There are 2 protein chains.
Amino acid sequence: MPRPRVHDDALRDRLLDEATAVVAEGGTRALTVRDVAARAGTSSSAVYSLFGGREALLAAVGARAAERFAGHLGSTRGTGDPAADLLALGVAYRRFALAEPQGYRVMFASPGAGAAHPAGGPVTEEPTFRVLQDAVRAALAEGPAADAYGTRGADAEDATRAATHVWALAHGWVMLELDGLLPWPPDERDARYVAALRAAGPGLLAPPPV
Amino acid sequence: MPRPRVHDDALRDRLLDEATAVVAEGGTRALTVRDVAARAGTSSSAVYSLFGGREALLAAVGARAAERFAGHLGSTRGTGDPAADLLALGVAYRRFALAEPQGYRVMFASPGAGAAHPAGGPVTEEPTFRVLQDAVRAALAEGPAADAYGTRGADAEDATRAATHVWALAHGWVMLELDGLLPWPPDERDARYVAALRAAGPGLLAPPPV
DNA sequence: CTCCTTTCGTAACGCCGTTATGAAACAGCG
DNA sequence: CGCTGTTTCATAACGGCGTTACGAAAGGAG
């Protein structure tokens, strides 16, 4: 008996597409409920019935960016050399951030950055972190870093610790770069970044002293 | 002949005080021109005649935070051991960020974060970076790291590079921590952070291969 | 006392996020 | 086939925002 629904999943996708495009273009600041609704050919109330409000729409944009991010990181296939794979993963991490700076910012540097991440859920279970954690685990299991652990071997705790360390370095570098705070011209930064990862890697992967 | 000025430097300071308090309390999102003006006992037009607008007011808040930040970092006095001093500087860096998270965010994670930093001015000449750069230079001149440079010694380029590496790690860690993305409970983070700095330090300070 | 210049508080404009409201669209029933 | 009831959505309204235009206020000059 009711009037047929127009606020369905298809419209939700279209709204999310438009919102993603707007954010990619002008950042979160440029996203308005009215504008996104108009671009999708509907009214602003659709955003409220399908998402809940502007903030929730932004969270959905962040979640979608996180999916693409995880996919991007997962697409780097292993070469058999764990250390090289980990380095490639770090490079892919930065490549995504530079290719989609606004998407990266929505995930991490948004007001209340936890929005894009499952509320209260441990970060270690997010796909993005898992990819990194797995690569670190592989590097700790064999290769040069494994020797430092000797017969005790590296456990999950070691992988979480090392992955977080590497993540902090990559995240910090990328944030500084996106904010224009690196003291080097753009054409030097690729090599500088790789050099930083190479320099910090062994120490960050090594077991804690005693 | 004119009507006496009320929009003077004293009012500017009061506005900046109120704006800083509002941002410290509720983040940049909570800052409105009308509210800050009312708190300072004036009208919103004062913000426009003294700063230029909301964005410029936020930039001034960021600049003041940067001053406090630089002062905070500069207050860590040398102990004679360059490596220990550098570690203490890293600890002070994080302590400020945790004590004034919104101030830290206004400096770095604000929309158009360059606002708080001199437009176009090289980052290497900012007080905050200089303090870090000097500490790194000292660590490269004597102590364990100096040996790796051998007879060639470390120059300004080496100090800039190493300082940026350390900065990226500290910044990334702090941003992850402020965003609630570290996989450890708060009471473990102090030690984890120091461990990360210790682990990455030697590699980040070392000269580039070949 | 009057005029003129400068200055600032007030009010207006357009836009925002959000919410209330009434028209629209269909199923079942007389 | 028309009426009714129910659900759904577009429209309009509300309060608040950043910003700007405007007119009142204030004091020196004549």
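A polar contact is a pair of N or O atoms within 3.5 Å. Keep that cut-off at hand; the model used here is predicted.

**Exercise 1. Find polar contacts between DNA strand D and the protein.**

Step 1. Start with B:Arg3. An N or O atom in its side chain is 3.3 Å from a base nitrogen of DNA strand D. The cut-off is 3.5 Å, so this pair counts as a polar contact.

Step 2. Turn to A:Arg34. A polar atom of its side chain lies 3.3 Å from a base nitrogen of the strand.

Step 3. Now take A:His7. Here a polar backbone atom is 2.8 Å from a phosphate oxygen of DNA strand D.

**Exercise 2. Describe the protein surface around DNA strand D.**

Step 1. Count the classes: eight nonpolar, six polar and six charged residues.

Step 2. Name those that come nearest. Of the 20 residues around the strand, they are A:Val6, A:His7, A:Ser43, B:Arg34 and B:Tyr48.

Step 3. Look at the DNA side. Sugar and phosphate make up 59% of the strand's atoms that come within 4 Å of the protein.

**Exercise 3. Work out how chain A and chain B are related.**

Step 1. Superpose chain A on chain B. This takes a rotation of 180 degrees, with 0.0 Å of shift along the axis, and gives an RMSD of 0.0 Å.

Step 2. Conclude: the two copies are therefore related as by a two-fold rotation axis.

Step 3. Compare the contact surfaces. Both copies use the same one: 100% of the contact residues of chain A recur in chain B.

Key
Residues are numbered from 1 along each chain as its sequence is written. Chains are lettered from A and ligands numbered from 1 in the order in which they are written. This is a predicted model: local features need pLDDT of at least 70, side-chain atom pairs count only at pLDDT 80 or more; totals for chains, interfaces and linings use all residues. Side-chain values use heavy atoms; hydrogens and water are left out. Copies are superposed by least squares on the C-alpha atoms of residues with pLDDT of at least 70 in both. Contact means heavy atoms within 4.5 Å. A residue is near a molecule or strand if one of its heavy atoms lies within 4 Å of it. A polar contact is a pair of N or O atoms within 3.5 Å; within protein, one must be able to donate a hydrogen and the other to accept it, and residues adjacent in sequence count only if both atoms are side-chain atoms. Ala, Val, Leu, Ile, Met, Phe, Trp, Tyr, Cys and Pro count as nonpolar, Asp, Glu, Lys and Arg as charged, and the others, Gly among them, as polar.
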